[in-house]
Amino acid sequence: MMMPMMDCDSVLRKLWDYLDRELTEDRMHEIEMHLEQCEKCRPQADFRRAFRSAVTGARDAAGDTAALTERVRRALHDAARQ
């Protein structure tokens with residue numbers, strides 16, 4: 001029996017967990033199938049993959065992750081005040 005495709009809201013709520021590979025095999029497969037077919041969600045997944053890669057690269061380049069964490073916290077705090 002074929003399961004219905006996940007809806008966009010469900011996929012977007014689970015997207016970070018999907019990218020971190022923190023879901024069951026079945027759920028990973030469901031999201032992969034959705035992303036292959038969905039023009040709305042695919043760009044979100046691509047953006048989040050790129051964002052995650054940039055943050056990982058910055059963390060690795062920074063060496064001092066405590067300083068990077070503080071810079072990110074400050075930037076988020078400043079952005080929230082604007």
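## Getting to know three helices

Reader: Is Lys14 buried, partly exposed or exposed?
Author: Welcome! This is a predicted model, and in it Lys14 has a relative accessibility of 34%. Buried would need under 20% and exposed over 50%. The value for Lys14 falls in between, so Lys14 counts as partly exposed.

Reader: Which residues is Lys14 in contact with, leaving aside its neighbours within four places in sequence?
Author: Good place to look next! Lys14 sits in helix H1. With those sequence neighbours set aside, the contacts of Lys14 are Leu23 and Ile31.

Reader: How far apart are the C-alpha atoms of Lys14 and Met28?
Author: Along the chain, 14 residues separate Lys14 and Met28. In space, the distance between their C-alpha atoms is 9.6 Å.

Reader: Is Ser10 buried or exposed?
Author: Ser10 belongs to helix H1, which covers residues 8–19. Its relative accessible area is 17%, and the limit to keep in mind is 20%. Since 17% is under that limit, Ser10 is buried.

Reader: What separates the C-alpha atoms of Ser10 and Ile31 in space?
Author: In sequence, Ser10 and Ile31 are 21 residues apart. Their C-alpha atoms, though, are separated by 9.1 Å.

Reader: Where does His34 lie, and is it buried or exposed?
Author: His34 is part of helix H2, made of residues 25–37. The relative accessibility of His34 is 1%. Because buried means under 20%, His34 counts as buried.

Reader: Which residue has its backbone oxygen 2.7 Å from a polar atom of the side chain of His34?
Author: Let's look at the surroundings of His34. Beyond its neighbours within four places in sequence, His34 is in contact with several residues, including Asp7, Val11 and Cys41. Another residue in that group is Met5. The backbone oxygen at 2.7 Å from the His34 side chain belongs to Met6.

Reader: Which helix gives the largest share of the nonpolar patch?
Author: On the surface, Trp16, Phe47, Phe51 and Val55 make a nonpolar patch of about 410 Å². The largest share, 3 residues, comes from the helix that spans residues 41–62. That is helix H3.

Reader: How many aromatic pairs are there?
Author: Rings pair if their centres lie within 6.5 Å. By this rule, the number of aromatic pairs is 2.

Reader: Is the pair of Trp16 and Phe51 stacked or edge-to-face?
Author: The ring centres of Trp16 and Phe51 are 6.2 Å apart, and their planes stand at 65°. This pair links distant parts of the chain, 35 residues apart, with Trp16 in helix H1 and Phe51 in helix H3. An angle over 60 degrees is what settles the question, so the pair of Trp16 and Phe51 is edge-to-face.

Reader: What kind of pair do Phe47 and Phe51 form, stacked or edge-to-face?
Author: Phe51 itself is partly exposed, at 44% relative accessible area. The rings of Phe47 and Phe51 have centres 6.3 Å apart and planes at 25°. Both residues lie in helix H3, about one turn of the helix apart. Planes under 30 degrees apart meet the rule, so the pair of Phe47 and Phe51 is stacked.

Reader: Is Phe47 buried or exposed?
Author: Ring pairs join Phe47 with Trp16 and Phe51 into a cluster. In this cluster, Trp16 is partly exposed, with a relative accessible area of 36%. For Phe47 the relative accessibility is 54%, and over 50% is the cut-off, so Phe47 counts as exposed.

Note on methods: Residues numbered from 1 in each chain as written. Predicted model: local features only at pLDDT ≥ 70, side-chain atom pairs only at ≥ 80, totals over all residues. Heavy atoms only, no water. Helix = DSSP H or I, 4+ residues; strand = E, 2+ residues; numbered from the N terminus. Buried < 20%, exposed > 50% of the residue type's maximum accessible area, 1.4 Å probe, protein only. Polar contact = N/O pair within 3.5 Å; in protein donor to acceptor, adjacent residues only side chain to side chain. Contact = heavy atoms within 4.5 Å. Patch = residues over 30% accessible without salt bridge, like charges linked within 9 Å, V, L, I, M, F, W, Y side chains within 5 Å. Areas by Shrake-Rupley, 256 points an atom, 1.4 Å probe, with all protein chains shown as cover. Salt bridge = Lys/Arg side-chain N within 4 Å of Asp/Glu carboxyl O. Phe/Tyr/Trp six-rings, centres within 6.5 Å; stacked < 30°, edge-to-face > 60°.
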